[in-house]
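User: I've just opened this one and could use a guided look around. Can we go through it in questions and answers?

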Amino acid sequence: MDAELSAAPGLLEQIAAVARRSITRTLRQRALLVFPLLFPLILFAINGSSLSAATKIPGFPTRSYRAFALALPFIQGALFVAIATGTDLARDIETGFFNRLALTPLRGSALLVGQLGGALVLACIQSVVYLLVGLATGVGIASGVAGAFVLLALSILISFGFASLGALLALRFGTGEAVQGIFPLLFVSVFLSSSSLPRNVIKVHWFKEVATYNPVSYLIEGVRSLIITGWDSRALALGFGFAALLVIITLGLASAAMKTRLVRT
Amino acid sequence: MRRFLYVARGVGWRSIHNTLVSPAILLPSIIFPLFFLVAFAGGLSRLADVPSFHYAPGYTSFQYVFVFLQSAAFGGVFTGFAVARDFESGFARRLLLSAPRRSGIIAGYAIGALLRWLITGTVVTLAALIAGMNVDGTRTDLLGLLGLGILFNFVAALWGCGLAMFLRTEQAGAVIQMPVFVLLFLAPVYVPLPLLTGWIHDVARLNPATVVLEAARGLLAGSPVKFALALALLAGAAALLAIFARRGLASAERAG
Amino acid sequence: MSDGAAAIEVEELVREFRKGPRAVDGIDLAVSPGEIYGFLGPNGAGKSTTVLMLTTLLPPTSGRARVGGFDIVRQGSQVRSTIGAALQEAALDPILTAREHLLLQATLQGIGKAERKVRANALLERVGLTEAADRRVGGYSGGMKRRLDLALALVHGPRILFLDEPTTGLDPQSRAALWEEVARLAHDEGMTVFLTTQYLEEADVLADRVGIIDHGKIVAEGTPAQLKAEIGSPSVEVSPVDGGADELLAELLAGFGTPTHNGRGSVTVPLPGGEAQLAEIVRALDQADLHVASLQLHQPSLDDVFLAKTGRKLEGTAAETADEQPAPGARGRGRRRGR
């Protein structure tokens with residue numbers, strides 16, 4: 001083999017190469033696709049019917065609990081994206097694949113963004129499926145066709161934020177256990193929000209306070225507003241605002257963690 | 001019979017020993033039911049204001065019974081995970097080699113599941129009492145409630161052990177857990193059966209878990225309903241799943 | 001790198017981890033271009049830490065090293081473009097195929113699109129993976145994974161190759177095939193190979209020169225023959241057909257050196273003049289009409305060298321020092337001193 005020095009590839013080419021691998025991995029691991037799709041849908045099917053009596057509570061914002069509950073799968077799906085992204089990256093670190101990449105001229109930013117490419121594909125597939133299932137079960141989108149697209153955008157942005165969180169944990173701790181260990185906390189944060197009932201009808205004071213201070217409530221309410229209310233600028237601003245904040249914070253911290261992890265000289 | 005008891009006692013001891021010395025095993029089995037209690041009893045308590053919602057002891061008690069039974073079922077399911085783990089690590093084969101009466105292995109795992117759940121059940125009960133749960137049942141009613149929990153735990157442990165012995169891989173976890181999860185949530189979890197509408201009402205009406213849940217709620221409220229039917233259903237399930245678990249063990253024996 | 005300069009030069013290289021002893025404790029070494037350098041030592045001796053530093057993946061605490069003429073701290077990217085590395089774990093993605101691995105690696109190394117496929121095909125053929133090229137790596141055997149690992153290290157045509165325990169866990173056949181390929185790279189293509197191993201035979205067969213590392217320090221260095229010669233001469237063990245003839249045998253062999261009775265009727269005598277003395281012994285036995293059941297020549301091994309230098313056998317030292325291995329997650333978390 002000829003000894004020669006190759007020119008470092010451009011940033012976009014690096015991102016594309018890593019993203020291609022990440023997407024290939026995602027699409028080839030059916031279990032990774034199926035479980036995050038099915039679990040939230042099973043809960044949606046069950047809770048959407050089991051809790052329909054909640055619509056009789058005075059002040060409940062819609063007459064269809066199913067429409068109210070449709071927001072939740074988008075958030076639960078985002079949690080699964082976080083775990084899948086983090087676990088994938090942690091496995092690369094654990095197996096030494098990360099070191100192999102580190103020996104190439106690959107930039108840390110390209111590795112991070114490329115890795116998140118697979119997460120975006122997963123998020124897109126999930127969001128579209130959840131929306132289609134919602135429509136198929138008779139849920140109308142109050143904000144119309146344009147609102148459906150905005151809903152998908154918000155859902156993907158939320159997933160991207162959680163995926164960055166997964167990447168951050170993987171880069172910081174370097175093990176799959178650490179990434180999976182955070183799942184119960186994320187799961188709890190979704191339940192301690194306005195996921196099951198709107199904040200204005202939650203009766204227990206401390207629960208209402210926790211839900212009010214829990215940013216997950218605003219992510220859910222942003223998605224939900226497009227389904228049951230229409231164009232609610234406040235809910236959307238808060239939803240997109242918190243989602244953007246999540247992306248900025250987690251992606252920023254993940255970039256810093258990448259620099260530490262990729263400590264080649 | 002003596003050899004059966006020796007094996008059961010040994011396996012049961014190891015199971016509970018591992019639980020007590022390993023917080024990674026014990027804590028999730030305590031924290032998750034506690035969390036469900038908080039999330040359901042706290043977050044959904046307004047459901048008690050829905051017209052036609054009748055449960056005298058209140059919503060915390062209503063949800064406590066569900067979480068009590070759910071923790072019993074999941075205590076059994078988690079034991080299935082432990083069995084699968086033992087097969088992956090090779091420890092189960094050591095058990096098969098050394099146990100003079102192999103059916104004692106299943107009984108041992110079931111004993112481990114019960115002891116572990118008794119810890120969880122106690123913690124959940126204390127938490128519910130601190131949260132202001134009302135208990136209207138008599139001492140006999142409460143013993144009946146405990147009996148239902150123990151039987152439910154036993155049934156789930158047989159299911160978990162049996163399936164884990166058939167599949168012998170940790171990846172069986174989701175397959176063990178999911179049917180139990182779905183069965184439980186297709187019962188009237190959040191509101192009484194009459195308040196459910198549509199398909200979920202039809203499914204819940206036919207779901208045997210509904211009978212157990214209603215019987216347990218009746219006992220806590222001091223007005224027992226369907227208790228005998230619940231006992232019969234659980235006993236029948238235990239008998240069927242004991243055969244299933246024994247076949248799982250035979251499958252593992254054949255696999256060597 | 002100018003002609004005649006060492007491919008790898010290391011001076012007083014040190015690496016400390018926060019919660020452990022010095023993993024690498026002031027080593028010096030030099031590897032010539034085209035040489036196979038075997039870095040021999042038990043688990044935890046500091047081999048992998050040295051490789052991680054020389055491949056720029058772990059900053060040294062102190063000391064200097066140049067690889068391919070480039071400083072490993074100040075010229076990391078130039079070092080990386082000069083070297084190929086197959087690190088301790090066969091770091092592969094089980095979901096991807098061998099071809100996809102090679103194309104990804106070639107892309108990240110900045111190789112043009114058309115050239116990528118050509119190189120991938122050539123390397124697949126070279127390591128005998130053409131038929132399995134489009135199968136997922138998850139189903140590969142250990143030997144196939146190691147061969148792919150080697151191919152990936154060669155994608156960008158490096159001049160220096162680092163192989164960290166490349167044959168650990170392989171069956172004898174796969175091990176021999178890999179040795180053959182590594183020898184070809186060095187001897188036919190002039191590639192410098194820095195190879196870590198815990199196998200004596202591997203260092204003995206493959207390496208032009210061997211460095212023995214223990215507790216982070218190089219305790220011996222030289223060609224395998226030199227190292228063994230340092231320990232002493234070969235010896236011959238003679239077993240007579242008549243077990244009672246050992247006294248007579250010892251008397252006869254005393255003419256060559258001090259004989260040792262082995263307690264099984266056999267007698268061992270050192271051969272200070274080397275293997276050439278064996279013929280003389282056979283002649284002496286024949287003249288004395290002493291019938292021999294077996295005659296065995298014992299060469300000093302690298303294990304004897306390790307024993308002489310460290311007071312321990314190489315086998316069995318792994319467990320006691322395994323804790324010192326840097327975990328993947330430990331990268332960059334150690335202390336670093338100014339140089």
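Analyst: Sure, here is a short tour by question and answer, and keep in mind that this is a predicted model.

User: Let's begin with chain C. How many helices and strands are there in chain C?

Analyst: Chain C has both kinds of element, spread over its 339 residues. Of those residues, 54% are buried. The count of elements is 12 helices and 14 strands.

User: In chain C, what share of the contacts with a separation of 6 or more comes from residues 24 or more positions apart?

Analyst: Take the contacts in chain C with a separation of 6 or more, then pick out those between residues 24 or more positions apart. That share is 71%.

User: How is chain C split up, and what distance separates the centres of domain 1 and domain 2?

Analyst: The domain assignment puts 8–92, 140–229 and 306–329 of chain C in domain 1. Domain 2 of chain C covers 233–298. Taken over C-alpha atoms, their centres are separated by 40 Å.

User: Which strands are at the edges of the open sheet of four strands in chain C?

Analyst: Reading across this sheet, the order is S12-S13-S11-S14 in chain C, with antiparallel pairing. An edge strand pairs on one side only, which in chain C applies to S12 (260–261) and S14 (292–298). So the edges are S12(C) and S14(C).

User: How many bridges join S11(C) to S14(C)?

Analyst: S11(C) spans residues 235–240 and runs antiparallel to S14(C). Val238(C) sits across from Leu295(C) of S14(C), and Ser239(C) faces Ser294(C) in that strand. The pairing of S11(C) with S14(C) extends over six bridges.

User: And which residue of S13(C) stands opposite Ser235(C)?

Analyst: S11(C) is joined to S13(C) by four bridges, again in the antiparallel sense. At Ser235(C), the partner across in S13(C) is Pro270(C).

User: How many residues of S11(C) are buried?

Analyst: One side of S11(C) carries Ser235(C), Glu237(C) and Ser239(C), while Val236(C), Val238(C) and Pro240(C) are on the other. Both faces are covered. That makes the buried count six of six.

User: Moving to chain A, is Ser225(A) buried or exposed?

Analyst: Ser225(A) is found in helix H11 (residues 215–229) of chain A. Leaving out residues up to four places away in sequence, Ser225(A) touches Gly230(A), Asp232(A), Ala235(A) and Leu236(A). Its relative accessibility is 3%, so Ser225(A) counts as buried.

User: Which helix of chain B do the buried residues of H9(A) pack against?

Analyst: H9(A) covers residues 183–191, and its buried residues include Leu186(A), Phe187(A) and Val190(A). Within chain A, they pack against H4 (71–95), H7 (144–173), H10 (205–213) and H11. From chain B, the helix they pack against is H2 (23–43).

User: Which two chains share the most contacts?

Analyst: Two pairs of chains touch. Chains B and C have no contact, and their closest C-alpha atoms lie 17 Å apart. The pair with the most contacts is chains A and C.

User: One last thing: how many disulfides does a search of the whole structure find?

Analyst: Cysteines do occur here: Cys124(A) counts as partly exposed because its relative accessibility is 33%. Cys161(B) counts as buried, since its value is 0%. For disulfides, the search over all chains finds zero.

Note on methods: Residues numbered from 1 in each chain as written. Chains lettered and ligands numbered in written order. Predicted model: local features only at pLDDT ≥ 70, side-chain atom pairs only at ≥ 80, totals over all residues. Heavy atoms only, no water. Helix = DSSP H or I, 4+ residues; strand = E, 2+ residues; numbered from the N terminus. Buried < 20%, exposed > 50% of the residue type's maximum accessible area, 1.4 Å probe, protein only. Contact = heavy atoms within 4.5 Å. Disulfide = S-S within 2.5 Å. Pairing = 2+ DSSP bridges. Domains from an automatic or database assignment.
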